[in-house]
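Thank you for asking for a second pair of eyes on this entry. The points below go through it one topic at a time and are meant for someone who has not looked at it before.

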Amino acid sequence: MLETRLLLIFLAFFFAPRPSFSRAPYALRISCGAREDLHSSPTNTFWYKDFAYTGGVPANATTPSYISPSLNTLRYFPLSEGPENCYNINRVPRGHYLVRIYFGLVKEPSFDNEPLFDVSIEGTLMYTLPSGWSNHDDERSFVETLIFLKDGTASLCFHSTGHGDPAILAIEILQIDNRAYYFGKGYGQGTILRTDRRLSCGATTAKFGADYSADRWGGDRFWNSLRTFGQGSDEVITTKKSIKQTSQSPNFYPEALYQSALVSTDSQPDLSFTMEVEPTRNYSLWLHFAEIVPSVTEAGQRVFDILINGDNVKSDFDIVSMAGGVNSAYVLNTTVSVSGRSLTITLKPKKGNYAIISAIELLELVLAESKTLPAEIKALQKLKGSLGLPLRFGWNGDPCVPEQHPWSGVDCQYDRNISKHVIDGLGLDNQGLKGFLPNEISQLRHLQSINLSGNSISGVIPSSLGTITSLEILDLSFNSFNGSIPESLGQLASLRILDLNGNSLSGRVPAALGGRLLHGASFNFTDNSGLCGIPGLPSCGTHLSIGAKVGIALGSCVGLLLIATCFACWWKRRQNILRAQRIAARDAPYAKARTHFNRDVQMGRHQGHEQARTAAENGPSLLT
């Protein structure tokens with residue numbers, strides 16, 4: 001089985017496209033609660049400030065372990081801000097990532113010294129903090145996963161379990177090789193690796209990759225030191241000689257990892273190590289070897305079998321033969337299904353009397369949960385904003401996954417046809433909600449039930465509700481909806497219960513809804529003084545819609561304005577005429593006398609001219 005796995009790994013590495021290692025891998029490190037960018041000792045690691053990623057409360061921090069980064073702040077999430085809180089990180093390049101989240105303790109006596117909560121990454125529950133996690137200098141001070149991020153975002157969520165407020169010290173998102181930790185079938189296809197532990201056998205101190213000066217494409221992994229398997233069954237051996245075949249794609253293991261090892265002894269030739277694990281889980285086990293004992297110089301001098309929980313997974317294993325020589329690294333990988341709470345590795349010598357091992361990695365295989373349709377998540381976020389949903393609801397992350405922590409007031413269903421979760425119910429009755437219903441609610445096209453009764457929601461009922469063909473129950477009673485009932489609701493063939501009681505609706509009830517009452521549907525339109533048109537409500541008569549009423553009112557106002565304008569013009573013209581007549585009447589006697597005088601003068605002049613003309617015509621008078 002192991003030989004087949006090695007062949008698959010080789011073929012995958014050989015044929016898979018290789019990333020360009022001429023560029024540095026993407027790296028984002030966030031110091032939670034920090035207001036400024038900073039560097040941490042001893043490796044001068046750069047951390048971005050915590051800005052606009054999430055809600056919560058920044059506070060001073062106490063680091064629970066010496067392996068935690070030396071940071072002074074954290075961010076905690078009180079239950080008053082909701083049971084689910086998330087860091088939503090955008091603009092993350094598509095690729096394979098090591099995501100590590102460090103936990104912290106709030107530096108205030110009034111706080112619970114050890115909060116217990118769940119952690120999910122991209123909607124999949126990855127870790128539940130165990131009691132006593134803050135008292136161990138090991139991997140329990142953080143959770144680490146290897147995951148493919150494909151949509152440009154990373155969602156890291158923290159779910160309250162009623163045992164203190166989640167507190168996060170730091171977050172790391174470090175890009176690694178696209179083929180790193182290839183384990184065979186299912187790789188990159190809905191499976192996430194969660195690091196259980198990494199052990200450097202024979203090492204004196206625990207170290208990160210940066211302490212080893214390791215290649216950054218390795219993801220700055222943490223290696224805990226393991227000085228002995230216990231019971232005097234082994235001894236430490238080290239070398240300063242160079243180790244070949246290290247720091248290579250795709251896993252980029254540091255050379256120093258193979259410069260120490262544990263070797264079995266005469267008292268106990270078998271080298272055996274037992275680890276506590278979670279039952280009924282699948283694990284990817286990685287075993288590291290390098291022949292660094294000076295007395296072994298060629299193949300065949302050290303041969304042993306490898307057993308996992310008593311099952312022989314590799315027979316006649318010869319490090320020198322497989323690695324191609326001494327002081328050369330070699331890695332074996334196998335997948336182990338565990339039914340109990342322990343996993344035991346046994347190296348049983350067949351030649352050379354002693355077994356040797358350099359390092360052990362154990363990673364849990366976690367089946368990724370199917371997320372919710374993105375369009376329906378956006379619709380819920382729009383609804384959250386329009387209704388002013390209180391913080392206590394949370395509504396952060398994915399509404400349906402992890403399945404242990406769905407959003408309050410949201411019912412989910414898994415659709416096998418599209419391999420996604422969908423929203424099939426909203427139950428937000430009697431929650432003191434205000435605001436209005438957005439048209440985007442129609443994007444929740446799998447809804448079967450909506451109950452928003454007993455709130456203070458106002459505005460009109462969106463006609464887009466009529467496009468949710470699966471809707472069976474719609475309860476909007478005891479709110480402040482106004483306007484008319486959309487005709488589109490009559491198109492909902494599956495609608496069985498419609499309760500619009502106790503609103504301010506008006507107008508005619510759609511005829512299609514009235515007809516449905518004859519077929520066993522249960523509709524309630526009472527306590528809406530303006531509704532009419534079906535038995536139990538006033539008759540509509542010559543009913544005008546709200547729009548028609550508004551149009552008539554506006555037309556009447558315009559008509560009255562025109563009439564008033566015309567009357568004003570007529571009245572002004574009439575006054576001008578009367579004024580002119582009065583002036584004419586006042587000046588009439590003077591005008592008449594003046595007229596007579598002018599006429600007499602003209603007549604006198606006319607007679608004089610006549611006499612003169614007669615004398616001239618008759619000649620001079622004869623004197624007798």
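## Notes on the predicted model

1. The place of P42 is in the loop between strand 2 (38-40) and strand 3 (45-47), and the model to which this proline belongs is a predicted one. The peptide bond that leads from S41 into P42 is cis, and its omega is near 0 degrees. Most residues other than glycine have a negative phi, and most peptide bonds are trans. A reader new to the structure may wish to look at this bond before turning to the next point.

2. A cis bond also joins S249 to P250, here with omega near 10 degrees. P250 is found in the loop between strand 17 (234-238) and strand 18 (260-264), and this loop deserves a careful look, since further backbone features fall in it. Q245 is placed in the loop between strand 17 and strand 18, and phi of Q245 is near 65 degrees, which is a positive value in a residue other than glycine. F252, likewise not a glycine, has a positive phi of about 50 degrees, and F252 is found in the loop between strand 17 and strand 18.

3. Is each of these two side chains buried or exposed, or something in between? Q245 has a relative accessible area of 41% and is therefore partly exposed, whereas F252, with a relative accessible area of 6%, is buried.

4. On empty space inside the model, the structure holds five cavities of 30 Å³ or more. About 50 Å³ of space lies in the largest cavity, and its lining is made up of H96, L146, I147, F148, F183, Y187, G188, T191 and L193. Strand 11 (142-149) and strand 14 (191-201) each supply at least two residues of this lining, and strand 11 gives the most, with three residues. By residue class, the lining of the largest cavity divides into six nonpolar, three polar and no charged residues.

5. The second largest cavity has a volume of about 40 Å³. Its lining consists of E84, S120, G123, C157, H159, N396, G397, D398, V401, P402, H405 and W407, and these residues divide into four nonpolar, six polar and two charged.

6. Turning to charged pairs, the structure holds 18 salt bridges. One of them joins R75 to D50, with the closest N and O atoms 2.6 Å apart. This pair links distant parts of the chain, with R75 in strand 5 (residues 73-76) and D50 in the loop between strand 3 and strand 4 (57-62), 25 residues apart. Where does each partner stand in terms of burial? R75 has a relative accessibility of 10% and so counts as buried, and D50, at 8% relative accessibility, counts as buried for its part.

7. The side chains of D177 and R179 meet in a salt bridge, at 3.2 Å from N to O, and both D177 and R179 are buried. K348 forms a salt bridge with D270, and here the closest N and O atoms are 2.8 Å apart. The pair of K348 and D270 links distant parts of the chain, because K348 lies in strand 24 (residues 342-351) and D270 in the loop between strand 18 and strand 19 (271-276), 78 residues apart. K348 counts as partly exposed, at 34% relative accessibility.

8. Beyond individual pairs, a network of salt bridges links R29, R100, E144, E172, R198, D220 and E361. Side chains of opposite charge can pair when their charged atoms come close.

9. On the surface, F567, W570 and W571 form a nonpolar patch, and together they have about 380 Å² of accessible area. W570 has its place in helix 5 (residues 546-586), and its relative accessible area of 47% makes W570 partly exposed.

10. A last residue for inspection is L169, whose place is in strand 13 (residues 167-176). L169 counts as buried, at 0% relative accessibility. L169 and A59 are 110 residues apart in sequence, while their C-alpha atoms are 9.9 Å apart in space.

Note on methods: Residues are numbered from 1 along each chain as its sequence is written. This is a predicted model: local features need pLDDT of at least 70, side-chain atom pairs count only at pLDDT 80 or more; totals for chains, interfaces and linings use all residues. Side-chain values use heavy atoms; hydrogens and water are left out. On a 1 Å grid over the protein atoms alone, a cavity is a set of points where a 1.4 Å probe fits but cannot get out, and a pocket is an open set with protein on both sides within 12 Å along at least five of seven lines; lining residues have an atom within 4 Å of a point. Grid points are joined across faces, edges and corners, and a volume is the space filled by probe spheres set on the points. Helices (H or I, at least four residues) and strands (E, at least two) are DSSP runs, numbered from the N terminus. Ala, Val, Leu, Ile, Met, Phe, Trp, Tyr, Cys and Pro count as nonpolar, Asp, Glu, Lys and Arg as charged, and the others, Gly among them, as polar. Patches are made of residues with over 30% relative accessible area and no salt bridge: like charges are joined within 9 Å, nonpolar side chains (Val, Leu, Ile, Met, Phe, Trp, Tyr) within 5 Å. Accessible areas come from the Shrake-Rupley method with a 1.4 Å probe; for residues, only the protein chains shown count as cover. A salt bridge is a side-chain nitrogen of Lys or Arg within 4 Å of a carboxyl oxygen of Asp or Glu. Buried means under 20% relative accessible area, exposed over 50%, partly exposed in between (1.4 Å probe, protein chains only).
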